[in-house]
Amino acid sequence: LQSVCKSRLSARNLSHRSSATCEGSPLLRTAEEETSGPGGAAWLYSPEGPFAEGKDFAMPDWVIVGEPTGMQAATSERGLLVLDALAEGISAHAARGGGENALYKALEDISILRSHEFGRISPKMGKVHLNVTQIQAGTAHNVIPDRCSFVVDIRPTEQYRCEEILDELQSVCKSRAAVRLQKQALCKESVPPLLRHMRRLSPSQDGGSPRHPNFHLSHHFELDGSFR
């Protein structure tokens, strides 16, 4: 509720200060995440949504997304790639030996992922971030597991498409990886008029927003979005 009230007050304040800029600018309050729910922002661009072809609203030239970025203008955002990986082995009784331990195979791949470095570095966002965040294996203490699944959370920059990252990681890992979620990184190269207005209307601030490291801000409202 607090965020809804703040967004409404901010939109009204901006419209009073710069009516020419905000003329015809709607305020849209949506539920759910950007793409993970059918009732969220993704609905706006669906055939039933207001931005669908032939509907009342034209596709917007720019938008303000109300995320906590310390009242600085975020001009870039990391993407998201979530992989479900599966290592397979051969089950056997632990007392007899033999078999192929899928857990060990998964640990080998996790070690590779932990030390893996992506070659292309974003001038604004830095390196691609990769973390293994979940792992599951085994049915009993005396059974060598024949399956081990783990989850990899990756935050790409504009230097990579999600498909490129998947191909690169699959080439160095034996476990099979499948995409659960993916969203490409966003990076605004040009200087939109909106950012110039925000710089004029808002005070400069040092630093960024530790609450939301997925966004990359324009330090002191500099127009290159170079804060990191």
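Helix 3 (102-115) and strand 4 (129-137) each contribute at least two residues to the lining of the second largest pocket, in a model that is predicted. Of these contributors, strand 4 provides the largest share of that lining, with four residues. The volume of the second largest pocket comes to about 200 Å³, and the residues around it are Ile110, Leu113, Arg114, His116, Glu117, Phe118, Lys127, Val128, His129, Leu130, Asn131 and Val132. Sorted by class, this lining consists of six nonpolar, three polar and three charged residues.

The pocket belongs to a protein whose secondary structure amounts to five helices and nine strands. Along the sequence these elements follow the pattern α-α-β-β-β-α-β-β-β-α-β-β-α-β. The protein has 228 residues, of which 32% count as buried.

Besides the pocket, the search for enclosed space gave one cavity of 30 Å³ or more. The largest cavity holds about 90 Å³ of space, and its lining is made up of Leu83, Ala85, Leu113, Phe150, Val152, Leu166, Leu169, Gln170, Cys173, Ser175 and Ala177. Strand 2, strand 6 and helix 4 are the elements that each give two or more residues to this lining, and helix 4 gives the most, with three residues. In terms of class, the lining of the largest cavity divides into nine nonpolar residues, two polar residues and no charged ones. Leu113 appears in the lining of the largest cavity and also in that of the second largest pocket.

Phe118, one of the residues that line the second largest pocket, also takes part in an aromatic contact. The structure holds one aromatic pair, formed by Phe118 and Tyr160 in an edge-to-face arrangement, with 5.5 Å from centre to centre and 70 degrees between the planes. This pair links distant parts of the chain, since Phe118 lies in the loop between helix 3 and strand 4, whereas Tyr160 lies in the loop between strand 6 and helix 4 (162-172), 42 residues apart. Both Phe118 and Tyr160 are buried. The ring of Tyr160 has a further partner in Arg120, whose charged end sits over that ring at 3.9 Å from its centre.

Charged side chains were examined next. Across the whole structure, nine salt bridges were found. One of them joins Glu88 to Arg147, with the closest N and O atoms 3.7 Å apart. The two residues come from distant parts of the chain, Glu88 from strand 2 (residues 80-88) and Arg147 from strand 6 (residues 147-155), and are separated by 59 residues. Glu88 has a relative accessible area of 39% and is therefore partly exposed, and Arg147, at 46% relative accessibility, likewise counts as partly exposed. The contact is part of a wider arrangement, in which Glu88, Arg147 and Arg176 are linked in a network of salt bridges.

A second salt bridge is formed by the side chains of Asp153 and Arg155, with an N to O distance of 2.8 Å. Here the two partners fall into separate accessibility classes: Asp153 counts as buried because its relative accessibility is 18%, below the limit of 20%, whereas Arg155, with a relative accessible area of 27%, is partly exposed. In a further salt bridge, Arg161 is joined to Glu163, and the closest N and O atoms are 3.6 Å apart. Arg161 is partly exposed, with a relative accessible area of 46%, and Glu163, at 39% relative accessibility, is also counted as partly exposed.

A last point concerns Gly97, which is placed in the loop between strand 3 (92-93) and helix 3. Gly97 counts as partly exposed because its relative accessibility is 32%. Although Gly97 and Ile144 are 47 residues apart along the chain, their C-alpha atoms are separated by 8.5 Å.

Definitions and conventions
Residues numbered from 1 in each chain as written. Predicted model: local features only at pLDDT ≥ 70, side-chain atom pairs only at ≥ 80, totals over all residues. Heavy atoms only, no water. Salt bridge = Lys/Arg side-chain N within 4 Å of Asp/Glu carboxyl O. Buried < 20%, exposed > 50% of the residue type's maximum accessible area, 1.4 Å probe, protein only. 1 Å grid on protein atoms, 1.4 Å probe; cavity = no way out; pocket = protein on both sides within 12 Å on 5 of 7 lines; lining within 4 Å. Points joined across faces, edges and corners; volume = space filled by probe spheres on them. Nonpolar A, V, L, I, M, F, W, Y, C, P; charged D, E, K, R; others polar. Phe/Tyr/Trp six-rings, centres within 6.5 Å; stacked < 30°, edge-to-face > 60°. Lys NZ or Arg CZ within 6 Å of the ring centre and 35° of its normal.
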